[in-house]
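Welcome, and thanks for taking a look at this one with us. Below is a short briefing to read alongside the model, grouped by topic.

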Amino acid sequence: MKTQIAKDSHQAAKRYSSVYQQQGRAVLDSDVNELSDIVKTRLNDALDDAIKSGAPASGGLAINNDFTIEPGQLYVDGIPAEVISDAAVAFTAQTDLINPQALPANDFLLYADVWERSVTSLEDAALLDPALHGADTCTRTQTMCQVKWGANTLGVMDEAQNPSIGDA
């Protein structure tokens with residue numbers, strides 16, 4: 001499910017640093033969304049400059065020798081992501097990982113796949129506004145983090161082999 005927006009007006013090359021609403025003017029979703037994108041980009045860039053990619057000093061995501069995943073945080077290109085659980089999670093039992101492939105016997109690498117997905121009121125009824133008789137007003141994004149495996153020959157950082165943005 002995709003978010004229904006009028007237009008994506010954020011253009012990083014223009015280096016806008018804020019969006020201000022003017023008195024008496026219409027409020028457009030593109031203006032509010034652009035402000036959100038500016039703030040999110042600035043925060044992610046600042047975190048990336050300060051932390052780079054990897055686990056924080058304490059509470060970082062870890063993979064045990066039996067390939068269970070310890071809950072914790074990880075930063076990928078400045079994006080904070082986390083695996084949440086009360087205890088170590090089996091590789092094939094990760095939250096939101098649909099039809100996980102079993103780990104191969106040997107010659108593989110593990111990597112964190114981190115992205116944001118849209119969440120609408122069709123998935124979370126709490127997003128409907130009761131004061132507006134259940135109107136659908138805004139969507140949210142959710143940062144996903146899944147540990148996946150690939151062949152040793154896969155260049156997970158190679159854009160041609162593992163695109164950072166899908167084309168669906």
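A residue counts as buried when its relative accessible area is under 20%, and a salt bridge needs a side-chain nitrogen of Lys or Arg within 4 Å of a carboxyl oxygen of Asp or Glu. With that in hand, please meet aspartate 37: this residue is buried yet has no salt bridge. Keep in mind that the model is a predicted one.

**Overall layout**

- The protein has one helix and nine strands, and from the N terminus on the order is α-β-β-β-β-β-β-β-β-β.
- Along the principal axes, the C-alpha atoms fill a box of roughly 65 × 40 × 35 Å.
- Of the 168 residues, 19% count as buried.
- Taking contacts between residues at least 6 apart in sequence, 51% join residues at least 24 apart.

**Aspartate 37, a buried charge**

- Aspartate 37 sits in helix α1, which covers residues 29-51.
- Which side chain of opposite charge is nearest to aspartate 37? That is lysine 40, at 4.1 Å, and the salt-bridge definition asks for an N and an O within 4 Å.
- Setting aside neighbours within four places in sequence, aspartate 37 is in contact with Asp8 and His10.

**Salt bridges**

- How many salt bridges does the structure hold? There are three.
- Lysine 40, the residue just met beside aspartate 37, has a salt bridge with glutamate 116, at 3.1 Å from N to O. Lysine 40 belongs to helix α1 and glutamate 116 to strand β6 (residues 108-119), so this pair ties together parts that are 76 residues apart in sequence.
- Both partners are accessible to a degree: lysine 40 is partly exposed with a relative accessible area of 33%, and glutamate 116 is partly exposed at 31%.
- Aspartate 113 pairs with lysine 148, and the closest N and O atoms of this salt bridge are 2.8 Å apart. Because aspartate 113 lies in strand β6 and lysine 148 in strand β9, the pair ties together parts 35 residues apart in sequence.
- Aspartate 113 counts as partly exposed at 24% relative accessibility, and lysine 148 counts as partly exposed at 23%.
- Glutamate 123 and arginine 117 also meet through their side chains in a salt bridge, at 2.6 Å from N to O. Arginine 117 is partly exposed, with a relative accessible area of 23%.

**The largest nonpolar core**

- In soluble globular proteins, nonpolar side chains tend to be buried together.
- Here the largest nonpolar core has nine residues: Leu61, Ile69, Leu74, Ala81, Val83, Phe91, Val114, Cys145 and Val147.
- Which elements give two or more residues to this core? They are β4 (79-83) and β9 (140-151).
- Valine 114 is one of the core residues. Leaving out residues up to four places away in sequence, valine 114 touches Val76, Ile79, Ala81, Thr143, Met144 and Cys145.

**The second largest pocket**

- Rolling a probe the size of a water molecule over the atoms shows where empty space is left.
- The second largest pocket holds about 280 Å³ of space.
- Its lining is made of 14 residues, and those closest to the pocket centre are Glu82, Val83, Ile84, Thr143 and Cys145.
- The elements that give two or more residues to the lining of this pocket are β4 and β9, and β9 gives the most, with five residues.
- Val83 and Cys145, listed here by the pocket centre, are also members of the largest nonpolar core.

**Positive phi angles in the β5-β6 loop**

- Most residues other than glycine have a negative phi.
- Asparagine 99 has a positive phi, near 50 degrees, and is not a glycine. Asparagine 99 is found in the loop between β5 (89-90) and β6.
- Is asparagine 99 buried or exposed? Asparagine 99 is exposed, with a relative accessible area of 70%.
- Aspartate 107 also has a positive phi, of about 55 degrees, without being a glycine. Aspartate 107 lies in the loop between β5 and β6 and counts as exposed at 59% relative accessibility.

Notes. Residues are numbered from 1 along each chain as its sequence is written. This is a predicted model: local features need pLDDT of at least 70, side-chain atom pairs count only at pLDDT 80 or more; totals for chains, interfaces and linings use all residues. Side-chain values use heavy atoms; hydrogens and water are left out. Helices (H or I, at least four residues) and strands (E, at least two) are DSSP runs, numbered from the N terminus. Buried means under 20% relative accessible area, exposed over 50%, partly exposed in between (1.4 Å probe, protein chains only). Lys and Arg count as positive and Asp and Glu as negative; His and the chain ends are not counted. Contact means heavy atoms within 4.5 Å. A nonpolar core is a set of buried Ala, Val, Leu, Ile, Met, Phe, Trp, Tyr and Cys residues joined through side-chain atoms within 4.5 Å. On a 1 Å grid over the protein atoms alone, a cavity is a set of points where a 1.4 Å probe fits but cannot get out, and a pocket is an open set with protein on both sides within 12 Å along at least five of seven lines; lining residues have an atom within 4 Å of a point. Grid points are joined across faces, edges and corners, and a volume is the space filled by probe spheres set on the points.
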